[in-house]
Amino acid sequence: MTSVSGSDDLFDTILLADNRFRSEGYQEGYEEGSRVGIIEGRSHGALHGAKVAGEVAFYYGFAFTWKCLLQNSTDAKTSKRLKTLESLIRIIQSFPHEDPTYEKLQEDVERVRAKFRQVYTK
């Protein structure tokens with residue numbers, strides 16, 4: 001009887017080995033995927049952040065340059081443009097540059113784009 005019980009344990013061990021290996025493989029794959037996902041996420045975030053920063057910096061440089069060029073003009077139309085340029089500059093300067101988790105970033109970038117369109121169409 002002991003040999004039957006011993007052989008049952010042997011078969012149980014063999015049958016359960018598949019489940020154990022599958023579980024271990026899943027856990028190892030999950031850990032590796034998480035590690036690689038974090039690395040790829042950081043890389044993607046840095047690239048996307050650089051693109052947004054470059055775009056916003058372009059708008060800021062554009063607005064600042066045109067403000068300097070139009071500053072001495074007394075024309076009424078130029079006065080409106082200057083107010084719009086100053087508004088664009090204020091929006092850009094109010095960006096939280098030190099907060100990488102800023103939730104309204106896309107909304108603020110859209111506001112900057114809309115204000116830029118308003119400036120160059122006047």
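Leu10 is found in helix α1, which spans residues 2-70. The model described here is predicted. Leu10 also contributes to a nonpolar surface patch, together with Phe11 and Ile14. The area of this patch is about 320 Å².

Helix α1 also carries Tyr60. Tyr60 has a relative accessible area of 29% and counts as partly exposed, because the partly exposed class runs from 20% to 50%. Along the chain, Tyr60 and Leu88 are 28 residues apart. In space, their C-alpha atoms are separated by 7.7 Å. The pair Arg81 and Glu28 gives another reading of sequence against space. These two residues are 53 apart in sequence, and their C-alpha atoms are 60 Å apart. Arg81 is found in helix α2, residues 76-93. Its relative accessible area is 26%, so Arg81 is partly exposed.

The largest pocket was examined next. Its space amounts to about 410 Å³. The lining consists of 15 residues, and those closest to the pocket centre are Gly49, Val52, Pro96, His97 and Leu105. Helix α1 gives the most to this lining, with six residues. By class, nine of the lining residues are nonpolar, four are polar and two are charged.

Salt bridges were then considered across the whole structure. Side chains of opposite charge can pair when their charged atoms come close. The search finds six salt bridges. Among them is the pair of Arg20 and Glu24, with the closest N and O atoms 3.6 Å apart. This distance falls inside the 4 Å limit, so the pair qualifies as a salt bridge. Both residues lie in helix α1, four residues apart, which is about one turn of the helix. Arg20 is partly exposed at 44% relative accessible area. Glu24 is also partly exposed, with a value of 37%.

Another salt bridge joins Arg35 and Glu32. Here the closest N and O atoms are 2.7 Å apart. Again both partners belong to helix α1, and three residues, about one turn of the helix, separate them. Arg35 has a relative accessible area of 45% and is partly exposed. For Glu32 the figure is 40%, and this residue too is partly exposed.

A further salt bridge connects Arg113 with Glu55, with 2.6 Å between the closest N and O atoms. This pair links distant parts of the chain. Arg113 sits in helix α3, residues 105-121, whereas Glu55 sits in helix α1. The two residues are 58 apart. Arg113 is not alone with Glu55: salt bridges that share partners join Glu55, Glu110 and Arg113 into one network. The relative accessible area of Arg113 is 21%. Arg113 is therefore partly exposed rather than buried, since buried residues have under 20%.

Helix α1 thus recurs through the description. It holds Leu10 of the nonpolar patch, the Arg20 and Glu24 pair, the Arg35 and Glu32 pair, and Glu55 of the link to helix α3. It also supplies six residues to the lining of the largest pocket.

Technical notes:
Residues are numbered from 1 along each chain as its sequence is written. This is a predicted model: local features need pLDDT of at least 70, side-chain atom pairs count only at pLDDT 80 or more; totals for chains, interfaces and linings use all residues. Side-chain values use heavy atoms; hydrogens and water are left out. Patches are made of residues with over 30% relative accessible area and no salt bridge: like charges are joined within 9 Å, nonpolar side chains (Val, Leu, Ile, Met, Phe, Trp, Tyr) within 5 Å. Accessible areas come from the Shrake-Rupley method with a 1.4 Å probe; for residues, only the protein chains shown count as cover. A salt bridge is a side-chain nitrogen of Lys or Arg within 4 Å of a carboxyl oxygen of Asp or Glu. On a 1 Å grid over the protein atoms alone, a cavity is a set of points where a 1.4 Å probe fits but cannot get out, and a pocket is an open set with protein on both sides within 12 Å along at least five of seven lines; lining residues have an atom within 4 Å of a point. Grid points are joined across faces, edges and corners, and a volume is the space filled by probe spheres set on the points. Ala, Val, Leu, Ile, Met, Phe, Trp, Tyr, Cys and Pro count as nonpolar, Asp, Glu, Lys and Arg as charged, and the others, Gly among them, as polar. Buried means under 20% relative accessible area, exposed over 50%, partly exposed in between (1.4 Å probe, protein chains only).
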